Amino acid sequence: AAAAGAWWWNDRPWSMIGLEWPWLWPKGGPLLVMVLFAALYVWDTLRDLNAHPDRASAAEELQSSIGFLPVNGREYFHFIFLALTAGICEEFIFRG
């Protein structure tokens with residue numbers, strides 16, 4: 001977020017790091033796409049969590065077979081935060 005904020009604050013073009021589609025969106029378009037994708041992901045996750053009647057048994061089975069999965073809401077938040085920051089930081093390091 002700090003790197004993206006500094007990039008935006010210095011009015012550098014997002015196209016320099018491959019984040020702008022000028023033929024399709026105005027200047028803030030890539031941010032809009034990212035926000036829409038994040039909203040769709042959260043909506044799909046919440047819908048999926050509420051759709052399984054035997055969610056507890058499935059979660060217990062997964063936890064026993066894969067030990068690093070989050071167990072509660074706090075761990076899930078950290079898991080999602082780690083996944084998002086890893087991808088974003090990787091792109092900035094690779095492209096930057």
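## Nonpolar surface patch

Helix 2 gives the largest share of the nonpolar patch, 5 residues. The patch lies on the surface of this predicted model and consists of Phe37, Tyr41, Val42, Leu46, Leu49 and Tyr76. Together these residues have about 580 Å² of accessible area.

Tyr76 belongs to helix 4, which covers residues 73-95. The relative accessibility of Tyr76 is 33%, so Tyr76 counts as partly exposed. That value is also over the 30% cut-off that applies to patch residues.

## Overall fold

The protein chain contains 4 helices and 0 strands. Along the sequence the pattern reads α-α-α-α. Of the 96 residues in the protein chain, 6% are buried, where buried stands for a relative accessible area under 20%.

The area exposed by the protein chain is about 8,200 Å². Carbon and sulfur atoms account for 69% of that area. Taking the contacts between residues at least 6 apart in sequence, 24% join residues at least 24 apart.

## Salt bridge in helix 2

The count of salt bridges comes to 1. The partners are Asp44 and Arg47, whose side chains meet at 2.8 Å, N to O. This N to O distance is within the 4 Å limit for a salt bridge.

Both Asp44 and Arg47 sit in helix 2, residues 29-51. They are 3 residues apart, about one turn of the helix. Asp44 has a relative accessibility of 33% and is therefore partly exposed. Arg47 is partly exposed as well, because its relative accessible area is 47%.

## Second largest pocket

What is the volume of the second largest pocket? The value is about 650 Å³. The lining of this pocket has 18 residues. Those that lie nearest its centre are Leu49, Arg55, Ala59, Pro70 and Tyr76.

Which helices each supply at least two residues of the lining? They are helix 2, helix 3 (55-65) and helix 4. Leu49 and Tyr76 are listed both in the nonpolar patch and among the residues nearest the centre of the second largest pocket.

## Ala4 and its contacts

Ala4 is placed in helix 1. With a relative accessible area of 22%, Ala4 is partly exposed; the value is not under the 20% cut-off, so Ala4 does not count as buried.

Leaving aside residues up to four places away in sequence, Ala4 touches Trp14 and Phe92. Ala4 and Phe92 are separated by 88 residues in sequence. In space, the C-alpha to C-alpha distance between Ala4 and Phe92 is 8.6 Å.

## Backbone at Asp11

Where is Asp11 placed? Asp11 is in the loop between helix 1 (2-9) and helix 2. The phi angle of Asp11 is near 55°, a positive value in a residue other than glycine.

Is Asp11 buried or exposed? Its relative accessible area is 52%. Because exposed stands for over 50%, Asp11 counts as exposed.

Conventions
Residues are numbered from 1 along each chain as its sequence is written. This is a predicted model: local features need pLDDT of at least 70, side-chain atom pairs count only at pLDDT 80 or more; totals for chains, interfaces and linings use all residues. Side-chain values use heavy atoms; hydrogens and water are left out. Buried means under 20% relative accessible area, exposed over 50%, partly exposed in between (1.4 Å probe, protein chains only). Contact means heavy atoms within 4.5 Å. Accessible areas come from the Shrake-Rupley method with a 1.4 Å probe; for residues, only the protein chains shown count as cover. Patches are made of residues with over 30% relative accessible area and no salt bridge: like charges are joined within 9 Å, nonpolar side chains (Val, Leu, Ile, Met, Phe, Trp, Tyr) within 5 Å. On a 1 Å grid over the protein atoms alone, a cavity is a set of points where a 1.4 Å probe fits but cannot get out, and a pocket is an open set with protein on both sides within 12 Å along at least five of seven lines; lining residues have an atom within 4 Å of a point. Grid points are joined across faces, edges and corners, and a volume is the space filled by probe spheres set on the points.
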